[in-house]
Amino acid sequence: MAADYWTSTQRTYWTFTPEKLSSIRDDLERANAKTIEQFPFPDRRLMFIFLRDRLLQLGKRLPFRQQCMATALVYLHRYFLSTPMQNVNIYLLVATAFYLSSKTEESPHHIRLVAAEARQAWPELMPGDVFRLGEMEFCLISEMRSQLIVWHPYRTLIALKENQDLRLTNDELGLAWSIINDSYMTDLPLTCPPHLIAIIAMLLAVVFLPTAKASGTLRPISHESLVNPDSSAGPFSSLVGRHGQNLSGSFSAAVGNLQMSNNNQQFGQHSVNNNQGKSRAAQESSTTDRDKDKTIVAAIKDSEKLQNIITFLVESGIDVEQVINGIQEMISLYSVWEEYNEKTVREAVARCIKGRGLDG
C-alpha cells in the first residue's frame with residue numbers, strides 16, 4: 001500500500017485526462033456496438049445514481065461505513081472501463097463491489113450473508129448461488145489488476161475545515177461532504193486527485209449555502225466523521241433529496257459570477273455554463289425564482305469568505321482550470337439528475353439482464 005496518493009496505484013494507473021477517458025470509452029463502445037445498440041441504457045450519470053441507490057439498498061440491510069460505499073462506486077467506475085454495463089448482471093456486480101469494498105475498508109461481511117441479502121433484495125435478478133458472487137469477485141479484482149486501495153477526498157475536506165484562513169462552518173462542511181458523495185456519480189474519481197475534489201466540494205458548498213438554508217437541505221455532519229472520516233457510519237448523504245431539486249440553476253448563476261483574484265488583483269473570470277442546457281421547467285421559472293438567483297449572486301459577489309477561498313486557491317498553486325472543469329461537471333450532474341426516473345432505469349436493466357440471460 002502506498003504511503004500517500006502521489007505514489008499510489010490510483011494516481012499511476014487509474015487517473016486519466018478527460019480526453020484519454022473518452023478515448024477508452026469510445027473504443028469499448030465500438031467493440032460492443034451491437035450489444036449496446038440492442039440494449040440501450042440511459043446517461044452514464046443516471047446509471048450511477050441507480051447503482052448508488054442499489055448499494056444503499058444493501059447498506060440498509062448490512063452495517064457499512066460511508067467510505068465503503070465510495071470505494072464500491074470507484075470499483076464500478078474502474079470495471080466499466082473494460083466491460084460495458086450491458087455485458088454484466090449489474091445486481092451481481094453491485095453486491096460484489098459492496099462485498100469487496102467492505103473487506104478493503106476493513107469492515108467485512110461474510111460472503112454468504114451478502115449473497116443472501118442481495119438475493120432477498122432482488123430475487124428475480126440476483127443469482128442464488130453464492131459461488132457466482134465469488135466468481136464475480138475474482139473477475140472484479142482481475143479487471144482492477146488487484147489495485148484495490150482507493151484514496152478519498154474526505155480527509156482533505158477535514159483538513160480544509162481546520163484551516164483558519166478559510167473559516168469553514170459546520171454547515172458548509174456538511175454540504176461539502178454531501179457534494180463529495182455526489183461526485184462519485186461523475187467521472188471526477190477517474191480524472192481528479194482527491195484533494196481537488198474536496199476543494200471543488202468546498203467551493204460549491206460555500207456558493208450553495210444561502211440556497212440550502214432557504215430550502216432546508218442542510219445536513220449536519222457527525223462528530224465521528226470529523227474525528228475519523230475513514231470509519232464514519234451513517235447515511236451516504238446527497239445534496240439531492242429523494243424527490244429531486246433544481247440545483248443546477250442556482251449553481252450556474254452563482255458560479256458563473258465568481259472572480260478569481262490574488263491579493264485583490266483580478267485573476268480572471270470563469271463562467272460555468274450548464275452543458276446540458278436549461279430544461280423547459282428552468283426556462284419557464286417564475287420571476288420569484290429569478291429574483292432569488294439574483295439575490296444569491298449578489299451575496300456571493302460580496303462574500304469575503306469566497307474571496308478568501310479564491311485567494312487560497314491561487315496562492316496554493318492549485319490547477320484552477322481543473323477546479324473550474326470539476327465544478328462544471330458537478331453542475332452538469334445536478335442538471336441531468338432532474339431527469340432521473342428510477343423505474344425507467346430499472347426496466348432497462350432488467351430487460352438487458354433477462355434478454356442476455358445474465359440472471360442465471
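A residue counts as buried when its relative accessible area is under 20%. By that cut-off threonine 71, with a relative accessible area of 0%, is buried, and this residue makes a handy starting point for a walk through the structure, which is a predicted model.

Threonine 71 is found in helix H5, which spans residues 66–79. Leaving aside neighbours within four places in sequence, threonine 71 is in contact with Ser101, Glu105, Val150 and His152. Two of these contacts deserve a closer look. The side chain of threonine 71 is joined to that of glutamate 105 by a polar contact of 2.6 Å, and a polar contact of 2.8 Å links the side chain of threonine 71 with the side chain of histidine 152.

Following the latter contact leads to histidine 152, placed in the loop between helix H8 (130–143) and helix H9 (154–161). Although histidine 152 sits in a loop, its relative accessible area is 10%, so histidine 152 is buried. Not counting residues up to four places away in sequence, histidine 152 touches Gln67, Ala70, Thr71, Val74, Glu105, Tyr184 and Pro194. Glutamate 105 thus appears among the contacts of histidine 152 and also among those of threonine 71. For glutamine 67, the C-alpha atom is separated from that of histidine 152 by 7.9 Å, while the two residues are 85 residues apart along the chain.

Attention now turns to charged pairs. The structure holds eight salt bridges. One of them brings together the side chains of arginine 52 and aspartate 53, at 2.7 Å from N to O. Arginine 52 is buried because its relative accessibility is 10%, and aspartate 53 is likewise buried, with a relative accessible area of 16%.

Another salt bridge is formed between glutamate 342 and arginine 54, where the closest N and O atoms are 3.5 Å apart. Glutamate 342 lies in helix H19 (residues 342–355) and arginine 54 in helix H4 (residues 44–61), so this pair ties together parts that are 288 residues apart in sequence. The two partners fall into separate exposure classes: arginine 54 counts as buried at 7% relative accessibility, whereas glutamate 342 counts as partly exposed at 30%. The pair also belongs to a network of salt bridges in which Arg54, Glu342 and Arg346 are linked.

A further salt bridge connects aspartate 359 with lysine 354, the closest N and O atoms being 3.9 Å apart. Here aspartate 359 is partly exposed at 27% relative accessibility, and lysine 354 is partly exposed too, with a relative accessible area of 45%.

The backbone offers a last point of interest. Most residues other than glycine have a negative phi. Against that background, glutamate 106 has a positive phi, near 60 degrees. Glutamate 106 lies in the loop between helix H6 (90–104) and helix H7 (111–121) and is exposed, with a relative accessible area of 65%. Arginine 145 also has a positive phi, near 55 degrees. This arginine is found in the loop between H8 and H9, which is where histidine 152 is placed as well. At 45% relative accessibility, arginine 145 counts as partly exposed, whereas histidine 152 is buried.

Note on methods. Residues are numbered from 1 along each chain as its sequence is written. This is a predicted model: local features need pLDDT of at least 70, side-chain atom pairs count only at pLDDT 80 or more; totals for chains, interfaces and linings use all residues. Side-chain values use heavy atoms; hydrogens and water are left out. Helices (H or I, at least four residues) and strands (E, at least two) are DSSP runs, numbered from the N terminus. Buried means under 20% relative accessible area, exposed over 50%, partly exposed in between (1.4 Å probe, protein chains only). Contact means heavy atoms within 4.5 Å. A polar contact is a pair of N or O atoms within 3.5 Å; within protein, one must be able to donate a hydrogen and the other to accept it, and residues adjacent in sequence count only if both atoms are side-chain atoms. A salt bridge is a side-chain nitrogen of Lys or Arg within 4 Å of a carboxyl oxygen of Asp or Glu.
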